Amino acid sequence: MLLNCGQPLPLLRHTDVPPRVIENFILTGYRFPNYSLRDCLLSAFRPTNETGNFWTHFLPVFIFSYYFVEVFGWEGAPHGDAPFFYPLWNYFIGVFCLLMASSMAHLLNSMSLVVREVCFFVDYGTISAYTVGSSLAYYYYIHPRAGIVETGGHNGSHMDLKHEPAGAVISSYAIPEFSVFFETFYIPCACVVAIICVLSCCNTRQRWRQHRYVIRTLVFLLPFLISSTPVFYRLLTRSPYSNTSSSSVASTSMPSFFYRHCFWLLVSAVFNISKFPERLAPGRFDIWGHSHQWFHCCTFLSILDELHMIKAEVRAILLSPTLLLPPTTLARLPGPTIASTYGVMLLLQTTIISIIVWFSWHANCIYGAQRDQLAKEHLKKHLKCH
């Protein structure tokens, strides 16, 4: 294993790298385990088995941002820093951190075995933060924030009842049992499940290695089910908007976007667990077309459909001005505040960072000696070049 002076570091076969680095059915294209930061950044522009993994989550950052900012130009939309948009900005932060952390993890993980572990710990943490960002957006734009009608008129977010048939006010959109869950337990449950997912995924890098892909895939099924309960509720009950209103028309696309969101998540899970197509032809898809790249593509498509679903509900609310609750409105469910959005995400991120620090310290204890040995070998070969 020789270094070419002044040339990019050679790519290696799976037999030439530490077992920790080897991916199933990927035989070639591995980077040297002790790349410098500069080497890692330059490797984004040369074909390695991580190049596609980097670009399939880095480029989507710009695509997502393009579709995201469209909301603020809609007619009737409040200013971008208005409380109404706090949940949407938290959702953006979750997605942005997820895509950036994933792309950087794949780009920088060859600096050392310890850095590799830390990179993917951060990746798992941002995935969990993203699920809570989604939950905040669902809570305030899909249910129960968007137009619950209750007997007695205690909710300030009434839809316009002038065109409703007789008896519409008597029927309640909010089923009491579910109202208690959404008002009291929904966001806390999303946060607790997110933390459990971080702990489980980080553990798969130090235990349960044989079934790590199955565990990592299934462990994120639970936060999907928890965070999506407002959507399930909307699909199983009548719309909070009048059938003749423009809000109802804007909201009709929500189910189709959600079904597509679920479809892409399912396909991404299949790719992540099956390791198709490289399982069928080991070595042929080492650089381009292996399962993790398809997993990234399908994951982003699911996020994009989720964004379109949230935007459809935001537009529906904006078309019903009575649903935009000012802080002084007496409402059973108050509008978003800094504490209930940014505060929740800050508390969650602090907890996740603490978990990452603990696992990173443990990884350093395990792989620190190997890192130092590889660093000595790398330095010796670098001096030989000079």
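Which residues line the largest cavity? In this predicted model, the lining is made up of Thr 131, Ser 135, Cys 189, Ala 190, Val 193, Pro 223, Ile 226 and Ser 227. Helix 4, helix 5 (176–203) and helix 7 (221–227) are the elements that each give two or more residues to this lining. Sorted by character, the lining residues comprise 5 nonpolar and 3 polar, with no charged residue. The volume of the largest cavity is about 30 Å³, and a search of the whole structure for cavities of 30 Å³ or more returns 1. As background for such a search, rolling a probe the size of a water molecule over the atoms shows where empty space is left.

The overall fold provides the setting for these details. The chain contains 12 helices and 0 strands, and its pattern along the sequence reads α-α-α-α-α-α-α-α-α-α-α-α. Of its 386 residues, 51% count as buried. Long-range pairing is well represented in the numbers: among contacts between residues at least 6 apart in sequence, 76% join residues at least 24 apart.

Helix 4, already met at the cavity, also carries two residues that merit a closer look. Arg 116 belongs to this helix, which covers residues 113–141. Arg 116 counts as buried because its relative accessibility is 3%, below the 20% limit for that class. Its side chain makes a polar contact with the side chain of Glu 23, at 3.1 Å. Setting aside residues up to four places away in sequence, Arg 116 touches Arg 20, Val 21, Glu 23, Glu 50, Asn 109 and Arg 205. Glu 23 thus appears both as a polar partner of Arg 116 and in the list of residues that Arg 116 touches.

Ala 129 is also placed in helix 4. With a relative accessibility of 1%, Ala 129 counts as buried. Its contacts, again not counting residues up to four places away in sequence, are with Met 345, Leu 348, Gln 349 and Ile 352. In addition, the C-alpha atoms of Ala 129 and Asn 90 are separated by 9.5 Å, although these residues are 39 apart along the chain.

Helix 10, spanning residues 254–274, holds Phe 258. The relative accessible area of Phe 258 is 2%, so this residue is buried. Beyond its neighbours within four places in sequence, Phe 258 is in contact with Phe 224, Ser 228, Val 231, Phe 232, Leu 235 and Met 309. The C-alpha atoms of Phe 258 and Ile 310 lie 9.4 Å apart in space, with their positions 52 residues apart in sequence.

The loop between helix 10 and helix 11 contains two points of backbone interest. Most residues other than glycine have a negative phi, and most peptide bonds are trans. Lys 275, found in this loop, has a positive phi near 55 degrees. Lys 275 is also buried, with a relative accessible area of 5%. Pro 277 sits in the loop as well, and the peptide bond leading to Pro 277 from Phe 276 is cis, with omega near 15 degrees. Elsewhere, Phe 25 has a positive phi of about 70 degrees despite not being a glycine. Phe 25 is located in the segment before helix 1 (37–42) and counts as partly exposed because its relative accessibility is 26%, a value between the 20% and 50% limits.

After the loop comes helix 11, residues 291–318, where His 292 is placed. The side chain of His 292 makes a polar contact of 3.2 Å with the side chain of His 106. Leaving aside neighbours within four places in sequence, His 292 is in contact with Asn 53, His 106 and Asn 272.

Finally, the cysteines were examined for bonding. A disulfide is a covalent bond between the sulfur atoms of two cysteines. The whole structure contains 0 disulfides. For Cys 191, which is in no disulfide, the nearest cysteine sulfur is that of Cys 189, 9.4 Å away. Cys 191 counts as buried at 14% relative accessibility. Cys 201 is likewise in no disulfide, and its nearest cysteine sulfur, that of Cys 197, is 6.3 Å away. Cys 201 is buried, with a relative accessible area of 0%. Cys 189, the residue with the sulfur nearest to that of Cys 191, is also one of the residues lining the largest cavity.

Terms used. Residues are numbered from 1 along each chain as its sequence is written. This is a predicted model: local features need pLDDT of at least 70, side-chain atom pairs count only at pLDDT 80 or more; totals for chains, interfaces and linings use all residues. Side-chain values use heavy atoms; hydrogens and water are left out. Helices (H or I, at least four residues) and strands (E, at least two) are DSSP runs, numbered from the N terminus. A polar contact is a pair of N or O atoms within 3.5 Å; within protein, one must be able to donate a hydrogen and the other to accept it, and residues adjacent in sequence count only if both atoms are side-chain atoms. Contact means heavy atoms within 4.5 Å. Buried means under 20% relative accessible area, exposed over 50%, partly exposed in between (1.4 Å probe, protein chains only). On a 1 Å grid over the protein atoms alone, a cavity is a set of points where a 1.4 Å probe fits but cannot get out, and a pocket is an open set with protein on both sides within 12 Å along at least five of seven lines; lining residues have an atom within 4 Å of a point. Grid points are joined across faces, edges and corners, and a volume is the space filled by probe spheres set on the points. Ala, Val, Leu, Ile, Met, Phe, Trp, Tyr, Cys and Pro count as nonpolar, Asp, Glu, Lys and Arg as charged, and the others, Gly among them, as polar. A disulfide is a pair of cysteine sulfur atoms within 2.5 Å.
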